[in-house]
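Biologist: Please take me through this structure in order, giving the reasoning behind each answer.

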Amino acid sequence: MTAADTVLNVSHLSLSSSVQKNLVSDVSFSIAPGECLGLVGESGSGKTITLRSILGILPPGIVLTGGSIEKHGSCAMIFQNPVSALDPLCPVVSQLVEVIRCHQKMSRESALVQADELLRMLDLPVSLERLDRYPGQLSGGQCQRIMIAIALACRPDLLLCDEPTTALDVTVQKQIIAVLRNLQHTLEFSMLFVTHNLAVASALCTSLCVMKQGTVVEKGDTKSVLSRPQTEYTKLLIRSVLPVPECGKEE
Amino acid sequence: MTLKRLLKTPSLLAGTVMLLLLVCAAFLAPYISPYDYTRQDLFAVLQPPSAVHLMGTDQLGRDVCTRLLYAARTDLKVMVLAEIVPFCTGIFLGMLAGYYGKWVDTVITFFTDIFIAFPFYLTVIIIAFVTGSGEHGIYITFMLVGWIVFAKVVKGLSSALCSEEWIAACKTIGLPGYRIIWGHLFVNVLPQAVIVLMTDMVSLLVTVVTLGFLGIGIAPPVPDWGTMISDGKTFIATSWWLSVMPGCAVVYTGIALSLIGDGLADIWRGK
């Protein structure tokens, strides 16, 4: 695959902090247009800081020590905890409108119309169109939808998702995944999806990248990784997905 | 809705009412008081409080109550005017230091450390010597050193906020720095800054009064609580009202402002 037909090309990325060398070492992957790559692994395996390094919002003290990140196109990000990812003292619709106006120079009125469309696209209640709703007054799922709307308002070529469903309860999780999948189909952006939940990753991603202790241990398209895992670690991850007990079916 | 909140917070309500009463009385002083604040009546010197002179008269026979109200005009005016510039610069520099960090923070912290070492009263005395005593000495000194408290508080608050996820989110969305600072950071630090402003105003008032007492503050014949206390100290044994009345006025204003600060803090903490 050449650099021209990828939206993101991460090669030999290494990240270190003063306390711990090699938080992430020699991580490489690339994402083609329309592709959805899942970055899976346990907590502390370096998924999130890999993702953050792509946008240059590494926490203080962590630096890039090697490798390169090439982006071809615009990026937007969705965060793990949607409530803390929105300005608590600014009405949510205003935040959305601000982003729309920042990316496309237009009047407040036409930005409001566009915000309206985005809200409807994400099945958000009409009451939000009143301009006085603050993040604290919405549920986690609603805040996450607002976050997605804000990310989409940037018209991204690549959407980075940092465990966007972890802080939500299971039913909302399912809805958000459905929303993301539909949007990806209609708007055709690429996605990099960080999660520790293999079930979520397999529902969304076309290919997977398994990380352990800062390195990539296995890479491939979702089906083959799940059906023929090559490493013990991947097998362990697959085994740790809790099966739903099926009622009425005895072994 | 704002009014409802105000009514529900007793300290804020009490403070606002107290301050409003004082401000109204100061504004309406020429209409409330039958006397002129400079009019001397040498036949009625050092009279104790009575129905004719509510707070008595001073050694020149001037009505203390009238002078107290006119002094409120001066002191409240100086208190507000002297705070405007430090409040704005302090918040601005604090947000810059907190948001950008690194060298911006180093430079601003360097200047805060320099100015924090200035002995306040000494600076006022020097400036009063250079420019002559009066209001402007207070304004200049406060412009020099008054911003530090705001800069420090706002910087701490901003850097704490900047490590929160929503600021990172604003950055990833592609909002430029000035929009994050003015559109989002400012709104989030303002409540705390206003609470600091209230306490700082109390200490500024005490400073103005102290300077008046020392004779390098507001210049006579403009009445000021500090000079009134100072003038009265010669007669403190026989005519207590000369010093006690303006002293009470200072305490009253201080309590009003503190109550407002407390009330606002309660409201914003609850939110």
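Modeller: Angles under 35 degrees count as roughly parallel, over 145 as roughly antiparallel, 65 to 115 as roughly perpendicular, and the rest as oblique. The model discussed here is predicted.

Biologist: By that scheme, how are helix 6 and helix 7 of chain B oriented to each other?

Modeller: The axes of helix 6 (residues 120-131) and helix 7 (residues 135-145) of chain B come within 9 Å and cross at roughly 135°. An angle that is neither under 35, nor over 145, nor from 65 to 115 degrees falls into the remaining class. Helix 6 of chain B and helix 7 of chain B are therefore oblique.

Biologist: Is the crossing of helix 6 of chain B with helix 7 of chain B left-handed or right-handed?

Modeller: Two packed helices are described by the angle between their axes and the distance between the axes. For the passage of helix 6 of chain B by helix 7 of chain B, the hand of the crossing is right-handed.

Biologist: How many residues in the contact of helix 6 of chain B with helix 7 of chain B are nonpolar?

Modeller: Helix 6 of chain B contributes Phe120(B), Thr123(B), Val124(B), Ile127(B), Ala128(B) and Thr131(B). They meet residues of helix 7 of chain B that include His136(B), Gly137(B), Ile140(B) and Leu144(B). Of the residues in this contact, none is charged, five are polar, and the nonpolar ones number eight.

Biologist: What hand does the crossing of helix 5 of chain B and helix 8 of chain B have?

Modeller: The axes of helix 5 (residues 102-116) and helix 8 (residues 147-162) of chain B come within 10 Å and cross at roughly 140°. These two helices of chain B are therefore oblique to each other. The hand of their crossing is left-handed.

Biologist: How many charged residues are in the contact of helix 5 of chain B with helix 8 of chain B?

Modeller: Ile108(B), Thr112(B), Phe115(B) and Ile116(B) in helix 5 of chain B meet Ile148(B), Ala151(B) and Lys152(B) in helix 8 of chain B. By class, five residues of this contact are nonpolar and one is polar, while the number of charged residues is one.

Biologist: How many helices does chain B have?

Modeller: From the N terminus on, the elements of chain B run α-α-α-α-α-α-α-α-α-α-α-α. Chain B has zero strands, and its helices number 12.

Biologist: What percentage of the residues in chain B is buried?

Modeller: Taken along the principal axes, the C-alpha atoms of chain B fill a box of roughly 80 × 50 × 30 Å. Among contacts in this chain between residues at least 6 apart in sequence, 69% join residues at least 24 apart. Of the 271 residues in chain B, the buried share is 41%.

Biologist: Turning to chain A, which strands stand at the edges of the sheet with the order 5-6-7-3-8-9?

Modeller: This open sheet of chain A has six strands and mixed pairing. An edge strand has a single partner strand, so one side of it is left without a neighbour in the sheet; this applies to strand 5 (75-78) and strand 9 (215-221) of chain A.

Biologist: Which residue of strand 7 of chain A stands opposite Asp162(A)?

Modeller: Strand 6 (residues 158-162) and strand 7 (residues 190-195) of chain A run parallel and are joined by five bridges. Opposite Asp162(A), in strand 7 of chain A, stands Val194(A).

Biologist: At about what angle does helix 4 of chain A run to strand 5 of chain A?

Modeller: Helix 1 (residues 47-55) of chain A lies across several strands, including strand 5 and strand 6, and runs at about 145° to strand 6 of chain A. Helix 4 (residues 140-153) of chain A lies across strand 5 and strand 6 of chain A, and its angle to strand 5 of chain A is about 175°.

Biologist: What is the bridge partner of Ser11(A) in strand 4 of chain A?

Modeller: A three-stranded open sheet of chain A has the order 2-1-4 and antiparallel pairing. In it, strand 1 (residues 8-17) and strand 4 of chain A pair over eight bridges. In strand 4 of chain A, the bridge partner of Ser11(A) is Ser68(A).

Biologist: Which element gives the largest share of the side of chain A that touches chain B?

Modeller: In all, 18 residues of chain A are in contact with 14 residues of chain B. Strand 5 and helix 2 (92-103) of chain A each give two or more residues to that side of chain A. The largest share, four residues, comes from helix 2 of chain A.

Conventions:
Residues are numbered from 1 along each chain as its sequence is written. Chains are lettered from A and ligands numbered from 1 in the order in which they are written. This is a predicted model: local features need pLDDT of at least 70, side-chain atom pairs count only at pLDDT 80 or more; totals for chains, interfaces and linings use all residues. Two strands pair if DSSP finds at least two bridges between them. Two residues are in contact if their C-beta atoms, placed from the backbone, lie within 7 Å. Axes are lines fitted to C-alpha atoms, for helices over the stretch in contact, and angles run from 0 to 180 degrees between N-to-C directions. A crossing is left-handed if the near helix is turned anticlockwise from the far one by less than a right angle, and right-handed if clockwise. Ala, Val, Leu, Ile, Met, Phe, Trp, Tyr, Cys and Pro count as nonpolar, Asp, Glu, Lys and Arg as charged, and the others, Gly among them, as polar. A residue is buried if 20 or more other C-beta atoms lie within 10 Å of its own, exposed if 12 or fewer, and partly exposed in between; C-beta atoms are placed from the backbone.
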